[in-house]
Amino acid sequence: MIAAFPDEKGRAAAATTMTDTVPQDEAATGPTTHFGFQTVAEEHKQKKVAEVFSSVAQKYDIMNDLMSFGLHRLWKAFAIRLAGVREGDRVLDVAGGTADLSLAFARRVGASGQVWLTDINHAMLARGRDRLLDNGHALPVVQCDAERLPFPGDNFDCVTVAFGLRNMTHKETALSEMRRVLRPGGRLLVLEFSRVWKPLSPFYDLYSFKLLPWMGAKVVGDPDSYRYLAESIRMHPGQQDLKAMMESAGLARVDYFNLSAGIVAVHRGYKL
Ligand SMILES: C[S@@+](CC[C@H](N)C(=O)[O-])C[C@H]1O[C@@H](n2cnc3c(N)ncnc32)[C@H](O)[C@@H]1O
């Protein structure tokens, strides 16, 4: 059973490197944001992101293995080690999707700890819940928006968000929320795509903009969701910018670790 709770502006410079036209949301009258390289009304982004993840949920795990040649497992293993979760800890997995991190944390915290799997998307969360149950873990699973976390403040020893922040409309709000629910001394881990080492970027662009949508078409029958993935990575803040965002959200001692030449980075910050 899944408990349902009520529920940057675009970087045109990055966009123009990969596409000549940046489609605009003609219905946008209020504040806008980016959805990949498109500029959309803020209120439309969440629905578009939901369409992406509802479409890919069934094949999400296999596509992760194919697209990253299995590397996502190593990236996640690194983030999990860095989280330093121990027996008895309370952990919140934000945008946890199909539960890779929740599963690893559940094994570490033991019977005296807690791991909460959360995500805004029902299809992703249902797969995560099923995987947890198949592995013998009946964890609390909550459908909620990271920008409005339904948890009291000062509650968790560790909060993680893996490959989720990029998809959120108000990243600063989500980061502040994640900080709010941490106990003093607790840590936030953000695992996310980042800026690849420059000499590799032509090859990475070729791979992202040609091969990914092709794989998406062949395996999921949905090239657009994988085009969005490639575009959203380019629009997401790089290592230093994300560090600054986390500091603005009130996190302290923020550091980061580049993995696979900066294809992804793990940022860690503390609530003091
Ligand atoms: C790429 S998946 C990552 C899933 C999982 N954490 C992993 O690493 O495999 C991104 C997830 O972020 C979720 N998401 C997007 N916007 C969100 C929001 N505002 N609040 C909570 N989850 C969100 C999506 O539904 C999706 O499940």
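**Exercise 1. Place Phe163 in the chain and decide whether it is buried or exposed.**

Start with the location: Phe163 sits in the loop that links β7 (156–162) to α7 (171–181). Helices (H or I, at least four residues) and strands (E, at least two) are DSSP runs, numbered from the N terminus. Residue numbers run from 1 along each chain as its sequence is written. Keep in mind that this is a predicted model, where local features need pLDDT of at least 70, side-chain atom pairs count only at pLDDT 80 or more, and totals for chains, interfaces and linings use all residues.

Next, count neighbours. A residue is buried if 20 or more other C-beta atoms lie within 10 Å of its own, exposed if 12 or fewer, and partly exposed in between, with C-beta atoms placed from the backbone. Phe163 has 21 C-beta neighbours inside 10 Å, so it counts as buried.

Last, check the backbone: phi of Phe163 is near 55 degrees, a positive value in a non-glycine residue. Most residues other than glycine have a negative phi.

**Exercise 2. Do the same for Arg253: which element holds it, and is it buried or exposed?**

Arg253 belongs to strand β9 (residues 252–259). Its phi is positive too, near 50 degrees. With 10 C-beta neighbours inside 10 Å, Arg253 comes out as exposed.

**Exercise 3. Find the buried residues of α7 and what covers them.**

First, pick out the buried ones: Lys171, Ala174, Leu175, Glu177, Met178, Arg179 and Val181. Then look for contacts (C-beta atoms, placed from the backbone, within 7 Å). The cover over these α7 residues includes β4 (90–94), β7, β8 (182–193) and α10 (239–248).

Definitions and conventions
Contact = placed C-beta atoms within 7 Å.
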